[in-house]
Amino acid sequence: KKQAWKEQGAGARFMRGGPLWGDDMDLEAVPVAFTGVAPGHAPGTVIYSVSTGVVGGVFLLDLASGEERRLFHSADHRIEHLATSPDHEVVACTLRGKGGTSSVAVMAADGSEIFEVTDGDVIDLAPSWLPKDAIEDPERRHQLVFQSAGIGRDAGGVFVAVGPASTAILDAEHGELQVLREDAKRDFLAPRMGADRTLYCIRRPYADVEEAKPGRVVLDAVLF
């Protein structure tokens, strides 16, 4: 009886999307994007993140039983690029914010807390934990590599362009950041570090924004 309102009268229309979406709305047509996946800390589990465009969440799946458990959900943030490690109890991830920025964050394994560890008018993506054997100082075991690109804005604060992506290593516990690779003409993406401290990443030419030519500006104005 408590659930009857979902299937009868106006309640049923609301649950199906009625006045807003129309009675024939197909809930399976709601766009869902899987934005990250990584091994869970417990054997036989997978942790993954999902975004519907309206709300995002992080889920834990037990592969043997098929049981799924929600760890985190939010309408204000989108979580992407999950990264786990057997040497760390927390999950590293990308936290998409408003205004086009994103930061690297760490989340408790049960989803109870999440903390941003990078900040600024930048797009920080794709964090990855350093393997234990790659860490030279045992006291500095909480280290991440990630990619970072600055955001260019005009005098009014309007988004104009994204700068070339560099690769950096972060020791959040000690508040230290070191840039490993950067080039005004190249992007360095999705970094990973091997046990021998070899850095692997995708290197590609940086696609700079072309300056507007006076003739093109006049033509655009006339056509408009």
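**Surface exposure, aromatic pairs and strand pairing in a predicted model**

In this predicted model, C201 is partly exposed, its relative accessible area being 31%. C93, by contrast, has a relative accessibility of 0% and therefore counts as buried, a value that falls under the 20% limit. When the whole structure was searched for disulfides, zero were found; that is, no pair of cysteine sulfur atoms lies within 2.5 Å.

The protein comprises three helices and 15 strands. Of its 224 residues, 35% are classed as buried, and the area that the protein exposes amounts to about 14400 Å², of which carbon and sulfur atoms supply 55%. When contacts in the protein are restricted to residues at least 6 apart in sequence, 35% of them join residues that are at least 24 apart.

Strands β1, β2, β3 and β4 form an open sheet, in the order β1-β2-β3-β4 and with antiparallel pairing. Its edges are occupied by β1 and by β4 (68-74), each of which pairs on one side only, and neighbouring strands of the sheet are turned against each other by 20 degrees on average, with direction ignored. The pairing of β3 with β4 is antiparallel and extends over six bridges; within it, F59 has R70 in β4 as its bridge partner.

Aromatic side chains of this sheet were examined next. A pair of aromatic rings is described by two quantities, the distance of the centres and the angle of the planes. Two such pairs are present in the structure. In one of them, the ring centres of F34 and Y48 are 5.8 Å apart and the planes are at 45 degrees, so the pair is classed as tilted. F34 belongs to strand β1 (residues 33-39) and Y48 to strand β2 (residues 45-51), so that the pair, whose members are 14 residues apart, links distant parts of the chain. The two partners also differ in exposure: F34, with a relative accessible area of 63%, is exposed, whereas Y48, at 12%, is buried.

Y48 also takes part in an aromatic pair with F59, which is stacked, with 5.9 Å from centre to centre and 25 degrees between the planes. Because Y48 lies in strand β2 and F59 in strand β3 (residues 56-62), this pair ties together parts of the chain that are eleven residues apart in sequence. Through these ring pairs, F34, Y48 and F59 are linked into a cluster. F59 thus takes part both in the stacked pair with Y48 and in the bridge to R70 of β4.

Further along the chain, strand β12 (residues 166-171) and strand β13 (residues 176-181) run antiparallel and are joined by five bridges. In this pairing, D171 stands opposite E176 in β13. The hairpin formed by β12 and β13 has four residues between the strands, and G175 adopts a positive phi near 65 degrees there.

Positive phi values also occur at residues other than glycine. A190 is not a glycine, and yet its phi is positive, at about 50 degrees; A190 is located in strand β14 (residues 186-193) and, with a relative accessible area of 29%, is partly exposed. R197, likewise not a glycine, has a positive phi of about 70 degrees. R197 lies in the loop between β14 and β15 (199-205) and is partly exposed, at a relative accessible area of 31%.

The surroundings of A190 include residues that are remote in sequence. The C-alpha atoms of A190 and A126 are 5.5 Å apart in space, although 64 residues separate the two in sequence. When neighbours within four places in sequence are left aside, A190 is in contact with A126, Q147, Y200, C201 and I202. Among these partners is C201, the partly exposed cysteine described at the outset.

A comparable set of contacts was examined for S128, which is found in strand β9 (residues 122-129). With a relative accessible area of 10%, S128 is buried, whereas A190 is partly exposed. Apart from its neighbours within four places in sequence, S128 is in contact with A83, Q143, L144, V145, P191 and R192.

Terms used
Residues are numbered from 1 along each chain as its sequence is written. This is a predicted model: local features need pLDDT of at least 70, side-chain atom pairs count only at pLDDT 80 or more; totals for chains, interfaces and linings use all residues. Side-chain values use heavy atoms; hydrogens and water are left out. Buried means under 20% relative accessible area, exposed over 50%, partly exposed in between (1.4 Å probe, protein chains only). Helices (H or I, at least four residues) and strands (E, at least two) are DSSP runs, numbered from the N terminus. Contact means heavy atoms within 4.5 Å. Accessible areas come from the Shrake-Rupley method with a 1.4 Å probe; for residues, only the protein chains shown count as cover. Rings of Phe, Tyr and Trp (its six-membered ring) pair if their centres lie within 6.5 Å; planes under 30 degrees apart count as stacked, over 60 as edge-to-face and the rest as tilted. Two strands pair if DSSP finds at least two bridges between them. Axes are lines fitted to C-alpha atoms, for helices over the stretch in contact, and angles run from 0 to 180 degrees between N-to-C directions.
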